[in-house]
Amino acid sequence: MRDAPVERAPGPPPRNSDCRCNRASGELLVSVDHFRLCFDDSGRLSAKDVIPCAGPFQHPPSDAEFAR
């Protein structure tokens with residue numbers, strides 16, 4: 001994706017790596033987690049991270065009233 005939420009990433013990507021971000025869900029009008037996959041010069045996976053969604057409620061609790 002072109003405008004990945006790198007400001008919420010858990011840390012900087014590895015040096016000399018090419019990183020790609022993908023949405024963790026197909027929902028388009030809500031904030032969702034993203035996956036960041038980074039590859040080294042030989043094309044091997046060098047890091048994988050989850051970039052959390054925006055907002056105060058990162059993940060709803062599993063026992064939430066609305067989860068029924």
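Reader: Which hand does the link of cysteine 19 and cysteine 38 have?
Author: The link is right-handed, with 105° about the S-S bond. Keep in mind that this is a predicted model.

Reader: What does that pair tie together?
Author: Cysteine 19 sits in strand S1 and cysteine 38 in strand S2, so the disulfide ties together parts that are 19 residues apart in sequence.

Reader: How far apart are the sulfur atoms of cysteine 19 and cysteine 38?
Author: They are 2.0 Å apart.

Reader: How many disulfides in the whole structure?
Author: One.

Reader: And cysteine 21, where is the nearest cysteine sulfur?
Author: That sulfur belongs to cysteine 19, 7.2 Å away. The cut-off for a disulfide is within 2.5 Å, and cysteine 21 is in no disulfide.

Reader: Cysteine 21, buried or exposed?
Author: Buried, because its relative accessible area is 8%.

Reader: What about cysteine 38, buried or exposed?
Author: Buried, at a relative accessible area of 0%. Its partner, cysteine 19, counts as partly exposed at 25%.

Reader: And cysteine 53, buried or exposed?
Author: Cysteine 53 counts as buried, with 7% relative accessibility.

Reader: Switching to the sheet. What is the strand order?
Author: S1-S2-S3, in an open sheet of three strands with antiparallel pairing. The edge strands are S1 (18-23) and S3 (45-51), and each pairs on one side only. The twist averages 20° from one strand to the next.

Reader: How many bridges join S2 to S3?
Author: Six, and the two strands run antiparallel. S2 covers residues 34-39.

Reader: Which residue in S3 is the bridge partner of histidine 34?
Author: Isoleucine 51.

How values were computed:
Residues are numbered from 1 along each chain as its sequence is written. This is a predicted model: local features need pLDDT of at least 70, side-chain atom pairs count only at pLDDT 80 or more; totals for chains, interfaces and linings use all residues. Side-chain values use heavy atoms; hydrogens and water are left out. Two strands pair if DSSP finds at least two bridges between them. Helices (H or I, at least four residues) and strands (E, at least two) are DSSP runs, numbered from the N terminus. Axes are lines fitted to C-alpha atoms, for helices over the stretch in contact, and angles run from 0 to 180 degrees between N-to-C directions. Buried means under 20% relative accessible area, exposed over 50%, partly exposed in between (1.4 Å probe, protein chains only).
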